[in-house]
Amino acid sequence: NILEQERRDRELAMRIAQSEAELIPEESQNDAGLRRGPQVQATKAAAAGTKKYELSKWKYAELRDAINTSCDIELLAACREEFHRRLKVYHAWKSKNKKRGNDTGNTEQRAPKSVTDYAQANPAPPIPARQHEVAMNRQQRYFRIPFIRPGDQYKDPQNKKKGWWYAHFDGPWIARQMELHPDKQPILLVAGKDDMEMCELSLEETGLTRKRGAEILPRQFEEIWERCGGIQYLRSAIESRQARPTYATAMLQSLLK
């Protein structure tokens, strides 16, 4: 029933909107100990041979704590996948509501149009992202593609204002994102702190790996990231406990030791 599905999606989106604040970890570490319950249950259920992981009823805080503290690779991958599934539902609901309200000022583009168009034209692959993640052993890949914000398209038909969109994928999910536009401050985003503004698609869904000339070397990404103040930005997100653990946070923490 489509209406029922819409209602459920809307409820989920409302819950996500209300719990955006929950994405920021509390200072108290005692809570994390108390909340380890669902992780233990999920691992026991998986061991008992029931459905691998049933995460749809987990609260945001529980998913986040599992991502931040679990050492179980498969549970981690399943939690990341569920987290991004919810982000997609939330963004889909938000854009549907915008269309209903005839709000055409789409300033909230989280990735270039070529990426979102590809994802719409090519439905998600049958292999779940979590299997990719375990198989890929969290490969690090970096991309750069042109990005013209919808608002600039009409003001600047000659494309003089062409910007660039940079992405660092840690396995199937984005860890860091950058936008560089002429005459504007660089936009830096890191997983955890800036999830609502970042590309919510898996690497496979973006089609970036099939785009000629899109993939760049790690140092090409890092050079720009450092020049734009990325080290300080990520460091402060780690210190305020807003950054989700990724390859990028691990690398920076090992440098700072």
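This report walks through the overall make-up of the chain, one enclosed helix, one helix pair and two residues with unusual backbone angles.

**The chain as a whole**

Please keep in mind that the model is predicted. The protein chain contains eleven helices and five strands. Of its 257 residues, 42% count as buried. The accessible surface of the protein chain is about 14,600 Å², and carbon and sulfur atoms hold 52% of that area. If you look at contacts in the protein chain with a separation of 6 or more, 67% of them join residues 24 or more positions apart.

**An enclosed helix**

A good place to start browsing is helix α3, which covers residues 60-69. Eight of its ten residues are buried, so α3 is largely enclosed by the rest of the structure. Buried here means a relative accessible area under 20%. The buried residues of α3 include Y60, A61, L63, A66 and I67. E62, R64 and D65 are also on the list of buried residues in α3.

**A crossing pair of helices**

Next, turn to α10 and α11. Two packed helices are described by the angle between their axes and the distance between the axes. For α10 and α11, the axes come within 10 Å and cross at roughly 95°. Because angles of 65 to 115 degrees count as roughly perpendicular, α10 is roughly perpendicular to α11. On the α10 side, the contact is made by I231, L234, R235 and I238. On the α11 side, A248, T249, L252, Q253 and L256 take part. By class, this contact of α10 with α11 has six nonpolar, two polar and one charged residues. The spacing along each helix is worth a look too: an α-helix has 3.6 residues a turn, so residues three or four places apart point the same way.

**Two residues with positive phi**

Which loop holds R241? R241 lies in the loop between α10 (230-239) and α11 (247-256), the two helices that cross at roughly 95°. R241 has a positive phi although it is not a glycine. D183 likewise has a positive phi without being a glycine, and D183 sits in the loop between β3 (173-180) and β4 (187-190). The table sets out their values.

| Residue | Phi | Loop | Relative accessible area |
|---|---|---|---|
| D183 | about 60° | between β3 and β4 | 73%, exposed |
| R241 | about 60° | between α10 and α11 | 33%, partly exposed |

D183 is exposed because its relative accessible area is 73%, and exposed means over 50%. R241, at 33%, is partly exposed.

Technical notes
Residues numbered from 1 in each chain as written. Predicted model: local features only at pLDDT ≥ 70, side-chain atom pairs only at ≥ 80, totals over all residues. Heavy atoms only, no water. Helix = DSSP H or I, 4+ residues; strand = E, 2+ residues; numbered from the N terminus. Buried < 20%, exposed > 50% of the residue type's maximum accessible area, 1.4 Å probe, protein only. Contact = heavy atoms within 4.5 Å. Areas by Shrake-Rupley, 256 points an atom, 1.4 Å probe, with all protein chains shown as cover. Axes fitted to C-alpha atoms, helices over the stretch in contact; angles between N-to-C directions. Parallel < 35°, antiparallel > 145°, perpendicular 65-115°, else oblique. Nonpolar A, V, L, I, M, F, W, Y, C, P; charged D, E, K, R; others polar.
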